[in-house]
Amino acid sequence: MNGRIFNDTMQLTRRNALKTIVLAAAGAAAGVRAFSDNQPDNPQAAGIRAKLQAIPMDQKVNLTDDEWRKILTPEQFQVMRQAGTEQAFCNLYWNNHGKGKYYCAACNNLIFDASAKFDSGTGWPSFYQPVKDSVTTHEDDSYGMVRVEVRCARCDSHLGHVFDDGPPPTGQRYCMNSVALKFVAEK
């Protein structure tokens with residue numbers, strides 16, 4: 001990769017990470033869910049969000065890529081709909097130790113309770129177990145390795161991967177992308 005392109009990309013990534021952290025901190029202070037101020041805001045997005053909210057939580061969400069693109073940030077779309085990965089140690093929740101719950105950033109499905117979160121030292125938020133029936137797993141052989149991908153059971157968004165090197169009681173490490181999650185602190 002061209003050195004200038006790499007440096008420009010890194011500066012953009014740092015700026016977006018800082019903006020996200022500042023917005024999340026401001027939102028947390030005001031009791032607002034992370035990323036709510038960072039979502040695209042236009043009449044089409046509002047209509048799609050209304051359609052999404054009208055779907056009962058026990059039903060699957062099936063939006064088109066065009067619809068997802070209109071309601072997710074570019075970073076969220078790249079991770080959640082294209083199975084990307086955010087940078088380690090530069091994301092919102094890797095060092096979050098607050099009590100609360102983590103929801104899918106795309107469809108608001110409850111994914112993790114913060115009590116299952118642990119410090120894995122990897123730079124991504126890690127959990128030893130999801131909420132029952134909140135995720136599905138799929139074999140992922142991308143990048144020349146075999147891993148187990150974790151997706152939201154409601155909207156099929158990519159959340160991260162699960163590994164068998166976690167703590168008791170499960171021995172599993174659900175290594176998630178912060179951009180795919182929304183944290184709601186306990187009040």
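In strand β6, residue E149 lies opposite H161 of strand β7. The model in which this pairing appears is a predicted one. β7 covers residues 158-163 and runs antiparallel to β6, the two being joined by 4 bridges. The hairpin of β6 and β7 has 5 residues between its strands, and within this hairpin D156 adopts a positive phi near 65°.

E149 and D156 also meet in the side-chain interactions around R151. The side chains of E149 and R151 form a salt bridge, with 3.2 Å from N to O. R151 forms a salt bridge with D156 as well, where the closest N and O atoms are 3.4 Å apart. Through shared partners, the salt bridges join E149, R151 and D156 into one network. The surroundings of the two acidic residues can be stated in terms of accessibility. E149 has a relative accessible area of 8% and is therefore buried, the limit being under 20%. D156, at 40%, is partly exposed.

On its other side, β6 (residues 147-152) pairs with β5, again in the antiparallel sense, over 6 bridges. Two positions illustrate the register of this pairing. T136 stands opposite R151 of β6, and E139 has V148 of β6 as its bridge partner. R151 thus appears both in the register with T136 and in the salt bridge with D156. The hairpin of β5 and β6 has 6 residues between the strands, and Y143 in this hairpin takes a positive phi near 60°.

These strands belong to a wider arrangement. An open sheet is formed by 6 strands in the order β3-β4-β8-β7-β6-β5, with antiparallel pairing. At its edges stand β3 (117-118) and β5 (135-140); each has a single partner strand, so one side of each is left without a neighbour in the sheet. In a regular strand, side chains alternate between the two faces of the sheet.

The nonpolar core may be approached through L159. The largest nonpolar core has 35 residues, of which W68 and L159 touch the most other members. Which residues does L159 contact, leaving aside its neighbours within four places in sequence? The contacts of L159 are M80, I111, V135, V150, R151, C152, C175, M176, N177 and A180. R151, a member of the salt-bridge network, is thus also in contact with L159. As a general matter, nonpolar side chains in soluble globular proteins tend to be buried together.

A further salt bridge connects another pair of strands. The structure has 7 salt bridges by the criterion applied. One of them joins K101 and D113, whose closest N and O atoms are 2.7 Å apart. This pair links distant parts of the chain, since K101 lies in strand β1 and D113 in strand β2 (residues 110-113), 12 residues apart. Both partners are partly exposed: K101 has a relative accessible area of 32%, and D113 one of 25%.

Aromatic contacts form the next theme. A pair of aromatic rings is described by the distance of the centres and the angle of the planes. The structure holds 7 aromatic pairs. Among them, F89 and W94 are edge-to-face, with 5.0 Å from centre to centre and 75° between the planes. F89 counts as partly exposed at 45% relative accessibility, and W94 likewise counts as partly exposed at 27%. The rings of Y102 and F183 have centres 4.8 Å apart and planes at 45°, so this pair is tilted. Y102 belongs to strand β1 (residues 100-104) and F183 to strand β9 (residues 181-185); the pair, 81 residues apart, links distant parts of the chain. Y102 is buried, with a relative accessible area of 0%, and F183 is buried at 12%. Both rings belong to a cluster in which ring pairs link Y93, Y102, F112, F127, Y174 and F183.

The confidence of the prediction should be considered alongside these details. The mean pLDDT of the chain is 84, and 79% of its residues reach 70 or more. Residues 1-37 have pLDDT below 50, and this stretch has 29 contacts in the model beyond near neighbours in sequence.

Technical notes: Residues numbered from 1 in each chain as written. Predicted model: local features only at pLDDT ≥ 70, side-chain atom pairs only at ≥ 80, totals over all residues. Heavy atoms only, no water. Phe/Tyr/Trp six-rings, centres within 6.5 Å; stacked < 30°, edge-to-face > 60°. Buried < 20%, exposed > 50% of the residue type's maximum accessible area, 1.4 Å probe, protein only. Pairing = 2+ DSSP bridges. pLDDT = per-residue confidence, 0-100. Contact = heavy atoms within 4.5 Å. Core = buried A, V, L, I, M, F, W, Y, C linked by side-chain atoms within 4.5 Å. Salt bridge = Lys/Arg side-chain N within 4 Å of Asp/Glu carboxyl O.
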